[in-house]
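Here's a quick briefing on the fold you're about to look at. Have the viewer open and follow along strand by strand.

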Amino acid sequence: MTAQPLLSIVLPAKNEAENLPTFLPKLKALYPDAEILLIDDGSDDDTAQVARAAGAKVVSHPYGMGNGAAIKTGARHASGDILVFMDADGQHDPADIPMVLAKLAEGYDMVVGARLSSSHASWFRRTANRFYNKLASLMTGHKIDDLTSGFRAVRADKFRKFLYLLPNGFSYPTTSTMAFFRSGFPVAYVSIHAGSRIGKSHIRLLHDGLRFFIIILRIGVLFSPMRLFLPISGSIFGVGVAYYAYTYLTENRFTNMSAVLFLSALLIFMIGIVSEQISSLHYKNIE
C-alpha cells in the first residue's frame, strides 16, 4: 500500500494576528497531521507569536519581502510532498482543501481554487479579473479560470523547479500557473467561494492592476513569445500591405512609410523567433 504523501500547508502572512486565532484552529482540526507552515513577512503585530501558540511552524522574514518571497521561503522549508498554499487573512475556507487534494490525486500537478464571480467585492474587480484571465489564456493557449488565486495545491518537486522564476511581489500565482502550462505539467481548476478578508488588503487595485497587466505580457514573452510577437508582426505587415496598395493606386509609387512598416514587421518577427529560443532554455533541464 502506498503511503499517503506528507502534506504541508503554507501560509504567507503579514499583520494577520487578528485573523489567525479563528483560522488556524480550523486548519488544525481538519488536518491535524499536516505541517502548517506560516511565513511571517516582516509583520508589525503579533502574527508570529499567535501562530506559534496555535501550533503552527513559523519562519520569519526580517522585513517585508513580498508575498511571492514568502511563498518561496515556504516552499524551501516545507517537508511535504504536496504543498497547499492559502492566504492567512481568512478569505480561503479550510473546508475546500479536501476538494483541491482530491482533484490533485486524479493525476494533476497543480490544482487552483478558482473563485466564483460572486467572491469579488465589486464589478470592477470582477471585470478586471475576467480581462486578465482572457489575456493569460490567449498567451498560454490554455483556459485559465482564475489567474491570481492564491489558493492552490501543487506537487512540491514540480513547484520548486520554478522558484527562480517567481517574483517577490503579488504575481507568484500568475508566474507559477504559466510556468506549469509551458512545461506541460497538467493544471486543473475547482470552484471555490472566497470570503471577505478581515482588515485592510495589501493590494492596491489600480496600481497593482496595471502591474498585473505588464506582468502578464512579460511572462507571456518569457513563456510563449510568438503568441505575442507574431500577431503584432502580422498586424504591422498587414498595415504595410494596405498602405502600399493605397499609395500604389493613388500615387503609383512605393513610399518610405511602406518600407518602414515592412521592415518593422520583419524585425518584430525575428525578435519573436530569438525570444522563443531563449525561452526554451529555461526548460532544457526541467526533468
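Start with one pair of residues: Leu11 stands opposite Leu38 in S2. Keep in mind that this is a predicted model. Leu11 belongs to strand S1, and Leu38 is a handy way into the sheet around that strand, which takes up most of what follows; a helix pair and a loop residue round things off.

**The sheet as a whole**
- We're looking at an open sheet of 7 strands with mixed pairing, in the order S3-S2-S1-S4-S6-S5-S7.
- Strand S3 (57-61) and strand S7 (187-192) are the edge strands, each pairing on one side only.
- From one strand to the next, the twist averages 20 degrees.
- As a general reminder, strands of a sheet pair through backbone hydrogen bonds, in either a parallel or an antiparallel way.

**Strand S1**
- S1 covers residues 7-13, and 7 of the 7 are buried, so the strand is largely enclosed by the rest of the structure.
- Its side chains split two ways: Leu7, Ile9, Leu11 and Ala13 point one way, while Ser8, Val10 and Pro12 point the other, and all are buried.
- On one flank is S2 (residues 35-41), running parallel to S1 and joined to it by 6 bridges.
- Besides the Leu11 and Leu38 match, you can pick out Ser8 standing opposite Glu35 in S2.
- S1 is also joined to strand S4 (residues 82-85), again in parallel, this time through 4 bridges.
- Over in S4, look for Phe85, the bridge partner of Val10.

**Strand S2**
- S2 is mostly covered too, with 7 of its 7 residues buried.
- Glu35, Leu37, Ile39 and Asp41 point one way from S2, and Ile36, Leu38 and Asp40 the other way; all are buried.
- That list of buried residues includes the acidic side chains of Glu35, Asp40 and Asp41.
- S2 and S3 run parallel and are joined by 5 bridges.
- Two spots to check along this pairing are Leu37, which stands opposite Lys57 in S3, and Asp40, which stands opposite Ser60 in S3.

**How the strands connect**
- S1, helix H1 (residues 20-30) and S2 make a right-handed β-α-β unit.
- S2, helix H2 (residues 47-53) and S3 make another right-handed β-α-β unit.

**The H9 and H10 pair**
- In general, two packed helices are described by the angle between their axes and the distance between the axes.
- Helix H9 (residues 226-251) and helix H10 (residues 256-281) have axes that come within 8 Å and cross at roughly 165 degrees.
- That angle makes H9 roughly antiparallel to H10, because anything over 145 degrees counts as such.
- The crossing of H9 past H10 is left-handed.
- Sorted by class, their contact has 18 nonpolar, 7 polar and 1 charged residues.

**A loop residue worth a click**
- Glu106 sits in the loop between helix H4 (97-104) and strand S5 (110-115).
- Is Glu106 buried or exposed? Glu106 counts as exposed, because its relative accessibility is 56% and the cut-off is over 50%.
- Glu106 and Ala188 are 82 residues apart in sequence, yet their C-alpha atoms are 9.8 Å apart in space.

How values were computed. Residues are numbered from 1 along each chain as its sequence is written. This is a predicted model: local features need pLDDT of at least 70, side-chain atom pairs count only at pLDDT 80 or more; totals for chains, interfaces and linings use all residues. Side-chain values use heavy atoms; hydrogens and water are left out. Axes are lines fitted to C-alpha atoms, for helices over the stretch in contact, and angles run from 0 to 180 degrees between N-to-C directions. Angles under 35 degrees count as roughly parallel, over 145 as roughly antiparallel, 65 to 115 as roughly perpendicular and the rest as oblique. A crossing is left-handed if the near helix is turned anticlockwise from the far one by less than a right angle, and right-handed if clockwise. Ala, Val, Leu, Ile, Met, Phe, Trp, Tyr, Cys and Pro count as nonpolar, Asp, Glu, Lys and Arg as charged, and the others, Gly among them, as polar. Buried means under 20% relative accessible area, exposed over 50%, partly exposed in between (1.4 Å probe, protein chains only). Two strands pair if DSSP finds at least two bridges between them. A crossover is right-handed if, with the strands pointing away from the viewer, the path from the first strand over the helix to the second runs clockwise.
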